[in-house]
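Student: Got a minute to go through this one with me? I'd like to start with who touches whom.
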Amino acid sequence: LILYLLKVVSFILSVVLTPGFISAGLKLYNGEKVNVNTLFTGVKYFTNYFLSTVCYSAIVFIGTFLLIIPGIIWSIQFGYYSYLIVDKNMRPIEALETSSNITQGKKWQLFCFSLLLSLINLAGYLCIFVGCLITVPISLFATIFVYKHLVAGIENEESQVQEV
C-alpha cells in the first residue's frame with residue numbers, strides 16, 4: 001500500500017513539475033530569465049498534461065505489446081506532446097497530432113538522438129548519480145533545441161503553402 005501511494009505521489013509530482021522544467025528550459029532557450037517559481041508554472045498545464053500523458057502512455061503500451069518496435073516508433077512519433085502543451089498551450093489530442101506531424105519522416109534520426117541522450121544520461125548515473133546534475137539538463141536543452149527545429153520546419157512548410 002505504501003509503495004502504491006508513493007507511486008501515485010511520484011506520478012502527480014512529475015505531472016506538476018515536468019511542465020515546469022520544460023517551461024524553464026524554453027525560457028532559457030529564448031533568453032528569458034528563470035527563477036524557482038518557473039518550476040511551478042506547470043500547475044496551469046496539469047489537466048492537459050495529465051490527459052495527454054495518459055493517452056501517450058496507452059499508445060506506447062499498446063505499441064510495445066504489439067512486438068516492441070511499434071512502441072518505440074510511437075514513443076518517438078508522439079514524444080513531443082509535452083513541449084507542445086507548454087510552448088503552444090495545446091490541448092491533449094492536438095498536441096499528440098502535432099507531435100506526429102513534426103516528427104514525420106524524421107523518426108530514425110530522432111531514435112538515434114534519443115539513444116545518444118540515453119547513453120549520456122547512463123554515464124551520469126554511473127557517476128554515482130552526481131553526473132545526472134550535468135547530463136539531465138544537457139538532455140533537456142538538447143531536446144528543446146531539437147523540438148524548436150522540428151516546430152520551425154513545420155511552420156516554414158505552412159507559410160510556404162499559404163504563400164502559394
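Tutor: Sure. Contact here means heavy atoms within 4.5 Å, and keep in mind that this is a predicted model.

Student: OK, so what does Tyr83 touch, not counting residues up to four places away in sequence?

Tutor: Leaving those neighbours out, Tyr83 is in contact with Ile22, Leu26, Lys88, Leu140, Thr143, Ile144 and Tyr147.

Student: And which residues touch the most other members in the largest nonpolar core?

Tutor: Tyr83 again, along with Tyr80, Tyr81, Ile102 and Tyr147; that core has 29 residues. Helices 1, 2, 4, 5, 6 and 7 each give two or more residues to it.

Student: Which helix gives the most?

Tutor: Helix 7, with seven residues.

Student: Switching topic: how many salt bridges turn up in the whole structure?

Tutor: One. Asp87 pairs with Lys148, with 3.4 Å between the closest N and O atoms. Asp87 sits in helix 4 and Lys148 in helix 7, so the bridge ties together parts 61 residues apart in sequence.

Student: Is Lys148 buried or exposed?

Tutor: Buried, at 18% relative accessible area. Asp87 is partly exposed, at 25%.

Student: Last thing: at what angle do the axes of helix 2 and helix 3 cross?

Tutor: Roughly 155°, and the axes come within 6 Å. Angles over 145 degrees count as roughly antiparallel, so that's how helix 2 and helix 3 run relative to each other.

Student: Which residues meet there?

Tutor: From helix 2, Tyr56, Ile59, Val60, Ile62, Gly63 and Thr64; from helix 3, Pro70, Gly71, Trp74 and Ser75. By class, that contact has six nonpolar, four polar and no charged residues.

Conventions. Residues numbered from 1 in each chain as written. Predicted model: local features only at pLDDT ≥ 70, side-chain atom pairs only at ≥ 80, totals over all residues. Heavy atoms only, no water. Salt bridge = Lys/Arg side-chain N within 4 Å of Asp/Glu carboxyl O. Helix = DSSP H or I, 4+ residues; strand = E, 2+ residues; numbered from the N terminus. Buried < 20%, exposed > 50% of the residue type's maximum accessible area, 1.4 Å probe, protein only. Core = buried A, V, L, I, M, F, W, Y, C linked by side-chain atoms within 4.5 Å. Axes fitted to C-alpha atoms, helices over the stretch in contact; angles between N-to-C directions. Parallel < 35°, antiparallel > 145°, perpendicular 65-115°, else oblique. Nonpolar A, V, L, I, M, F, W, Y, C, P; charged D, E, K, R; others polar.
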